[in-house]
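Q: I'd like a close look at one part of this model, namely the salt bridges and how accessible their partners are. Keep it informal, but give me the cut-offs.

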Amino acid sequence: MSNDLLVVKNLKKYFPIKGGILSKTIGYVYAVDDISFNLSRGETLGLVGESGCGKSTTGRVILRLIEPTAGEAWFEGVNIFSLGKKEMRMLRRHMQIIFQDPYASLNPRMTVEKIVGEPLKIHKVAKGTELQDRVASLLRKVGLRPEHLKRYPHEFSGGQRQRIGIARALALNPKLIIADEPVSALDVSIQAQVINLLQDLQEEFGLTYLLIAHDLRMVEYISDRVAVMYLGKIVEIAKSEEIYKNPLHPYTQALLSAIPVPDPRKKKERIILSGDVPSPINPPSGCRFHTRCPLYAQLKAPECVEIEPKLENKNGHPSACHFR
């Protein structure tokens, strides 16, 4: 029996661009363009890349917060995209999300008790005193006190609000949590606390995480495997220590070279990429990275422009590069 909790196959999400008097479709934003990966039970997969590469869209499509253009996503052997509303609602108990912004993701008119208890109420898991006890227990799990139940989001700091969001995600005992940049909106001093909390909860509840982030140091600390995205494509995927010790794809190498070194005496060679990220409306032909790639700048190989590289294992782990 496979240990995979989630299997994503050839996932695509294109957003139509409307124009003209009749608002006809004149083009598409290729946000996620044919990606595949799997997620084992109890694993943390870090999904990294520059802003606009399609990371958050991937997470939202898997949860069907937005509908896919094509592809499949299998959760415990069930194709998520084939489910009707009723079946999807049942499945949502097992799949939850932690949003990036703890200020925007909590309803300012609801108390903490209502925010955290809402999933329990909607799915008819608990009500009355039992619901209140469950919410109080969840707050303790995330490092808040039961007396916070009657307070409103504006009475909390950013870190405390994110803990409320985590408690809400945990309410239905999910198996998969998609954490969409869960600490990027928080102070650096608070980020480590929240990351440690997520690790503790994973150990206690046997959670599986898809961690979407751009902080590569944090991803290295918490992730078992890392997938690197560029312009809607996964360009490299491997175990965390393998990616950080032996990055194969030129884009991954450039990303890792930008991580600051805490020791001022150590000098690090930074790989500076030329130009801006191309538009996802009209991505480059062949390898999407060739317009900024230092390796292509040296070799000027025609296949980089003409042939799209496959994500395949050539030198130890999968990389989408003709030469690595």
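To start with one residue, what is the relative accessible area of Glu204?

A: Glu204 comes out at a relative accessible area of 46%, so it counts as partly exposed. On this scale buried means under 20% relative accessible area, exposed means over 50%, and partly exposed is what lies in between, using a 1.4 Å probe and protein chains only. A quick word on the ground rules: the model is predicted, with local features needing pLDDT of at least 70, side-chain atom pairs counting only at pLDDT 80 or more, and totals for chains, interfaces and linings using all residues. Residues are numbered from 1 along each chain as its sequence is written, and side-chain values use heavy atoms, with hydrogens and water left out.

Now for the partner. Glu204 makes a salt bridge with Lys141, at 2.5 Å from N to O. The two sit in distant parts of the chain, 63 residues apart, with Glu204 in helix H6 (residues 188-205) and Lys141 in helix H4. Lys141 is partly exposed too, at 35% relative accessibility. Elsewhere, Arg41, Glu76 and Lys175 are tied into one network by salt bridges that share partners. The term here takes a side-chain nitrogen of Lys or Arg within 4 Å of a carboxyl oxygen of Asp or Glu, and the whole structure has 13 such salt bridges. As a general point, oppositely charged side chains can pair when their charged atoms come close.

Another long-range case is Lys150 with Glu113, a salt bridge at 2.5 Å, N to O. Lys150 belongs to the loop between helix H4 (128-141) and helix H5 (158-170), while Glu113 is in helix H3 (residues 112-122), 37 residues apart. Helices here are DSSP runs (H or I, at least four residues), as are strands (E, at least two), numbered from the N terminus. The two ends contrast: Lys150 is exposed at 52%, whereas Glu113 is buried at 14%.

Thr111 is worth a look here as well. It lies in the loop between strand E6 (95-98) and H3, and it is buried at 11% relative accessibility. Beyond its neighbours within four places in sequence, Thr111 is in contact (heavy atoms within 4.5 Å) with Leu149, Lys150, Arg151 and Tyr152.

Finally, Glu67 and Arg64 form a salt bridge whose closest N and O atoms are 3.2 Å apart. Glu67 is partly exposed at 40%, and Arg64 is buried at 16%.
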